[in-house]
Structure formats: structure tokens, C-alpha cells
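Me: I'm new to this structure and would like a close look at a single part of it. Could you pick one spot and walk me through it slowly?

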Amino acid sequence: MLYFQIYAFVVVLTLTLLAMNVSRIRIKERIANGHEHRDLKIANRAHMNTLEHALPFGLLLLALVQAGVQGTVLAVLVFGFLAVKLGHAYSMLASQLRLRQISAGLTYLFELAGCGVLAAALLN
């Protein structure tokens with residue numbers, strides 16, 4: 001359960017910081033509604049992309065923990081996914097296309113690997 005707690009901590013902190021970045025841009029640019037401003041669009045996408053992947057992966061981790069998966073496998077999934085998502089958020093905010101492409105691919109890889117580990121645990 002410790003890995004899930006670490007995951008929850010890092011994800012919530014990251015999402016909060018990304019949301020604060022969106023608010024910072026809205027205040028700075030005086031944008032109450034909408035997101036037609038370039039920097040605001042980028043900040044919104046970085047925040048939403050992280051949420052789009054962190055929530056289902058968190059559910060997957062919870063299912064893995066409940067299925068009894070632990071140790072190195074769980075640690076690799078948690079810390080690997082977190083590193084990839086932090087790198088992806090950075091790549092979006094810093095307009096680093098190659099890093100964004102790599103981290104997007106690795107995000108899918110970790111999600112599929114987690115599903116594979118869960119499927120194996122359920123079949124045992």
C-alpha cells in the first residue's frame with residue numbers, strides 16, 4: 001500500500017502545481033473564461049493530460065495492490081510511470097517535442113504493462 005500512497009501524493013501534488021500554473025496564467029493575462037491564449041492552452045493541456053492518465057493508472061495500481069501485487073514489480077510501475085508523467089508534463093510546458101513523443105509512448109507502455117500484470121495476477 002505504501003507505493004499507492006506515494007503515487008497518490010506525487011500525483012495530487014503534481015496536479016495541484018499544474019492547476020496553480022493555469023491559475024497563474026489566467027491572473028497574469030486577465031482571462032476569466034476560455035483558453036484561447038497560447039500559454040494558457042499549453043498549461044491547460046499539461047494539466048489535463050496528466051489527469052487523463054494519472055486517474056486510470058491510479059485505479060489500476062489500487063487494483064494491483066488489492067490483487068496482492070507488491071515488491072519490485074509494483075515499485076517499477078509506480079516510479080516509472082511517475083517519472084514518465086513528470087517528464088511529459090515538463091515536455092509540454094517547455095515545448096520539447098521529442099521528449100513529449102518519447103514520454104507519451106512510455107506512458108502507454110506503462111499503462112499496458114500494468115494491465116498485463118493485473119491480468120496475470122487475476123489469472124493466478
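What follows is a walk around one helix and its surroundings.

Me: Let's take helix 3: how does helix 3 pack with helix 2, and which residues meet there?

Reply: Sure. Keep in mind that this is a predicted model. Helix 3 covers residues 71-93 and its packing partner here, helix 2, covers residues 38-66.

Start with the length of helix 3. At 1.5 Å a residue, its 23 residues should span 33 Å, and the C-alpha atoms at its two ends are indeed 33 Å apart, so expectation and model agree.

Now for the packing. Two packed helices are described by the angle between their axes and the distance between those axes. For helix 2 and helix 3, the angle is about 175 degrees and the axes are 9 Å apart. Angles over 145 degrees count as roughly antiparallel, and therefore helix 2 and helix 3 are roughly antiparallel to each other.

Which residues do the touching? On the helix 3 side you'll find Leu 74, Leu 77, Val 78, Phe 81, Lys 85, His 88, Ala 89, Met 92 and Leu 93. Helix 2 brings a list that includes Ile 42, Ala 46, His 53, Phe 57, Leu 61 and Val 65. Sorted by class, this contact has 15 nonpolar, 4 polar and 2 charged residues. A general point may help when you look at such lists: an α-helix has 3.6 residues a turn, so residues three or four places apart point the same way.

While you're at helix 2, have a look at Asn 44, which sits in that helix. Its relative accessibility is 17%, and because anything under 20% counts as buried, Asn 44 is buried. Leaving aside residues up to four places away in sequence, Asn 44 touches Val 22, Arg 26 and His 35.

Back to helix 3, this time for its aromatic rings. The whole structure has 4 aromatic pairs. In one of them, the ring centres of Tyr 3 and Phe 79 are 5.8 Å apart and the ring planes stand at 85 degrees, so this pair is edge-to-face. Tyr 3 belongs to helix 1 and Phe 79 to helix 3, so the pair ties together parts 76 residues apart in sequence. Both partners are partly exposed: Tyr 3 has a relative accessible area of 25%, and Phe 79 comes in at 40%.

Another pair joins Tyr 7 and Phe 81, with ring centres 6.1 Å apart and planes at 45 degrees, so this one is tilted. Here too the link runs from helix 1, home of Tyr 7, to helix 3, home of Phe 81, so parts 74 residues apart in sequence are tied together. Tyr 7 and Phe 81 are both buried. Add Phe 57 and you have one aromatic cluster of Tyr 7, Phe 57 and Phe 81. You've met Phe 57 and Phe 81 already, in the contact between helix 2 and helix 3.

Last, see what comes after helix 3. Most residues other than glycine have a negative phi. Ser 95, which follows helix 3, has a positive phi near 55 degrees. Ser 95 lies in the loop between helix 3 and helix 4 (97-123), and with a relative accessible area of 49% it is partly exposed. Arg 30, in the loop between helix 1 (2-29) and helix 2, also has a positive phi, of about 55 degrees, although it is not a glycine. At 78% relative accessibility, Arg 30 counts as exposed.

Conventions
Residues are numbered from 1 along each chain as its sequence is written. This is a predicted model: local features need pLDDT of at least 70, side-chain atom pairs count only at pLDDT 80 or more; totals for chains, interfaces and linings use all residues. Side-chain values use heavy atoms; hydrogens and water are left out. Axes are lines fitted to C-alpha atoms, for helices over the stretch in contact, and angles run from 0 to 180 degrees between N-to-C directions. Helices (H or I, at least four residues) and strands (E, at least two) are DSSP runs, numbered from the N terminus. Angles under 35 degrees count as roughly parallel, over 145 as roughly antiparallel, 65 to 115 as roughly perpendicular and the rest as oblique. Contact means heavy atoms within 4.5 Å. Ala, Val, Leu, Ile, Met, Phe, Trp, Tyr, Cys and Pro count as nonpolar, Asp, Glu, Lys and Arg as charged, and the others, Gly among them, as polar. The expected span of a helix is 1.5 Å times one less than its number of residues. Buried means under 20% relative accessible area, exposed over 50%, partly exposed in between (1.4 Å probe, protein chains only). Rings of Phe, Tyr and Trp (its six-membered ring) pair if their centres lie within 6.5 Å; planes under 30 degrees apart count as stacked, over 60 as edge-to-face and the rest as tilted.
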